[in-house]
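Colleague: Please take a close look at one helix in this model and at what packs against it. Then go through the cysteines and the unusual backbone in the loops.

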Amino acid sequence: MKVRQLLPYAALTLVVAQLLLLVVSWLLSATLASEVRSLISSEGIRWFFGHFTSMLCSPLLAWMLLMAIAWGCLQRSGLLGALVRIPSRSLLFRERVALRQCAIILAVLLAVVVLLTAVPHAVLLSASGRLFPSAFSASLIAIVCFFVVVLSLTYALLAGVARSMADVFELLVCGIRQCAPLFVIYILFIQFYESLRFVFW
């Protein structure tokens, strides 16, 4: 069974777990009043409605969104397929030209990152001069996704995969469309996880 076919069952499991947690928290709060908080008490209801948005707004959600965009661009642009076909030397002339340009752009982007992180007193280093933790480490996933998107769009435009702004925009959104079920799972999971923390911690 494919992972995509398992996602509806994962969503149902999380919904059932949330409902069970409602009941269990109510029962345990009645017997262990000082140690467990009920989700269906006035405090629990205020917490759930008051913190629902902040529960969802985590770095993980931003990372998922960026990775979905990058994955969609990489896959739909044809760059991934071209990289796989390099050893077989079955690339068309336009594809070879596009890959060369991508290599040049990648070298420039890496040089910029090196200048921002490796030189003394670099901008993206921490106040103590460390790479981890620093502004660079905090934005590492975003930087990688940006690289992938730029290279994918460059390849798509030069190889003739994207011929208009509509095509470019489609490359940017197709990954979000493919990963949409994961966002639903994320919402259900983070809601259950934060509810567990509220009840027991």
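Modeller: What follows starts with the packing around one helix and then moves to the cysteines and the loops.

The model is predicted, so local features need pLDDT of at least 70 and side-chain atom pairs count only at pLDDT 80 or more, while totals for chains, interfaces and linings use all residues. Residues are numbered from 1 along each chain as its sequence is written, and side-chain values use heavy atoms, with hydrogens and water left out.

The helix is H9, residues 180–200. Helices here are DSSP runs of H or I with at least four residues, strands are runs of E with at least two, and both are numbered from the N terminus. The axes of H9 and H3 (residues 59–77) come within 11 Å and cross at roughly 175°. Such axes are lines fitted to C-alpha atoms, for helices over the stretch in contact, with angles from 0 to 180 degrees between N-to-C directions. H3 is therefore roughly antiparallel to H9; the classes are roughly parallel under 35 degrees, roughly antiparallel over 145, roughly perpendicular from 65 to 115, and oblique for the rest. On the H3 side, Leu60, Leu61, Met64, Leu65 and Ala68 meet Leu182, Phe183 and Tyr186 of H9, where contact means heavy atoms within 4.5 Å. This contact has eight nonpolar, no polar and no charged residues. Nonpolar covers Ala, Val, Leu, Ile, Met, Phe, Trp, Tyr, Cys and Pro, charged covers Asp, Glu, Lys and Arg, and the others, Gly among them, are polar.

H8 (residues 165–178) has an axis that comes within 4 Å of that of H9, at a crossing of roughly 50°, which means H8 is oblique to H9. Ile176, Arg177 and Gln178 of H8 make this contact with Ala180, Pro181 and Phe183 of H9. By class, those residues are four nonpolar, one polar and one charged. Phe183 thus takes part in the contact with H3 and in the contact with H8.

H1 also packs against H9, through its buried residues. Those are Leu7, Ala11, Leu14, Ala17, Gln18, Leu21, Ser25 and Ser29; buried is under 20% relative accessible area, exposed over 50%, and partly exposed in between (1.4 Å probe, protein chains only). H1 (residues 3–31) has 29 residues and spans 41 Å from first to last C-alpha, close to the expected 42 Å, that is, 1.5 Å times one less than its number of residues. Ser29, at 16% relative accessibility, touches Val36, Arg37 and Ser38, not counting residues up to four places away in sequence.

On the cysteines, the structure holds zero disulfides, a disulfide being a pair of cysteine sulfur atoms within 2.5 Å. Cysteine 174 has its nearest cysteine sulfur, that of cysteine 73, 6.3 Å away, and is buried at 1%. For cysteine 145, the closest is also the sulfur of cysteine 73, at 10 Å, too far for a bond; cysteine 145 is buried at 7%.

In the loops, a cis peptide bond joins phenylalanine 132 and proline 133, with omega about -5°. Proline 133 lies between H5 and H6, as does histidine 121, which has a positive phi of about 60° although it is not a glycine and is exposed at 80%. Arginine 89, in the loop between H4 and H5, has a positive phi near 55° and is exposed at 76%.
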